[in-house]
Amino acid sequence: MNERFVNSIMEDDLETYLSLYTDDAIVMLPFMSTLNGRNALTVHWHNNMTRGKYIESANVTTLDIWKSGNLIYERGSYQITFVKAENKPRAVYGSYFSIWVKQEDGSYKMKYDISNLDHGL
């Protein structure tokens, strides 16, 4: 799943990005209000694109993962290097915790995606 997530960001693939989340997903990102649902994720995506934010590289590493019933809990770290407008590249490093929910078709989608910065910006 991490590869699909990173590829969706790197390739500006909103459809794949959204397909990783439940329709009522709750996403909590550093320095932002909570994003509630697919519509909020879509607005966030478009806002980043129109502000000229360019992702140069991204890496997501799962550190722990465990399953309980229809849920998968995942804890990991991430690194994103981005360029805003015409500035130099800037790397951010952080941690995340996600809860994936099993869907009727057997796939899993993120219901909760919470991240914080360890350092950067």
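**Exercise 1. Determine which side chain forms a polar contact with Ser 98, and describe the setting of Ser 98.**

Solution. In this predicted model, the side chains of Ser 98 and Asp 113 are joined by a polar contact of 3.1 Å.

Step 1. Locate the residue: Ser 98 belongs to strand E5.

Step 2. Classify its exposure. The relative accessible area of Ser 98 is 1%, so the residue is buried, the limit for that class being under 20%.

Step 3. List its surroundings. Leaving out residues up to four places away in sequence, Ser 98 touches Ile 72, Tyr 73, Glu 74, Met 110, Tyr 112 and Asp 113. Asp 113, the partner in the polar contact, is thus found again among these residues.

Step 4. Compare sequence and space. Ser 98 and Arg 38 stand 60 residues apart in sequence, and their C-alpha atoms are 16 Å apart.

**Exercise 2. Decide whether Lys 111 is buried or exposed, and identify its polar partner.**

Solution. Step 1. Lys 111 is part of strand E6.

Step 2. Its relative accessibility is 16%, and therefore Lys 111 counts as buried.

Step 3. The side chain of Lys 111 makes a polar contact of 2.7 Å with the side chain of Asp 24.

Step 4. Beyond four places in sequence, Lys 111 touches Thr 22, Asp 24, Ala 25, Ile 26, Ile 99 and Val 101.

**Exercise 3. Describe the largest nonpolar core and the contacts of Met 110.**

Solution. Step 1. The largest nonpolar core has 24 residues. Those with the most contacts inside it are Phe 5, Tyr 17, Tyr 21, Leu 41, Val 60 and Met 110.

Step 2. At least two residues of this core come from each of several elements, including helix H1 (2–10), helix H3 (37–50), strand E5 (90–102) and strand E6 (108–120).

Step 3. Outside the range of four places in sequence, Met 110 touches Phe 5, Leu 20, Tyr 21, Thr 22, Ala 25, Ser 98, Ile 99 and Trp 100. Ser 98, from Exercise 1, is one of these contacts.

**Exercise 4. Classify the exposure of Met 28 and of Leu 71, and give the setting of each residue.**

Solution. Step 1. Met 28 lies in strand E1 and is partly exposed, with a relative accessible area of 37%.

Step 2. Together with Tyr 112 and Ile 114, Met 28 makes a nonpolar surface patch of about 240 Å².

Step 3. Leu 71, in strand E4, is partly exposed at a relative accessible area of 27%.

Step 4. Apart from neighbours within four places in sequence, Leu 71 is in contact with Trp 66, Ile 99, Trp 100 and Val 101.

Step 5. Leu 71 and Pro 89 are 18 residues apart along the chain, and 37 Å separates their C-alpha atoms.

Key: Residues are numbered from 1 along each chain as its sequence is written. This is a predicted model: local features need pLDDT of at least 70, side-chain atom pairs count only at pLDDT 80 or more; totals for chains, interfaces and linings use all residues. Side-chain values use heavy atoms; hydrogens and water are left out. A nonpolar core is a set of buried Ala, Val, Leu, Ile, Met, Phe, Trp, Tyr and Cys residues joined through side-chain atoms within 4.5 Å. Buried means under 20% relative accessible area, exposed over 50%, partly exposed in between (1.4 Å probe, protein chains only). Helices (H or I, at least four residues) and strands (E, at least two) are DSSP runs, numbered from the N terminus. Contact means heavy atoms within 4.5 Å. A polar contact is a pair of N or O atoms within 3.5 Å; within protein, one must be able to donate a hydrogen and the other to accept it, and residues adjacent in sequence count only if both atoms are side-chain atoms. Patches are made of residues with over 30% relative accessible area and no salt bridge: like charges are joined within 9 Å, nonpolar side chains (Val, Leu, Ile, Met, Phe, Trp, Tyr) within 5 Å. Accessible areas come from the Shrake-Rupley method with a 1.4 Å probe; for residues, only the protein chains shown count as cover. A salt bridge is a side-chain nitrogen of Lys or Arg within 4 Å of a carboxyl oxygen of Asp or Glu.
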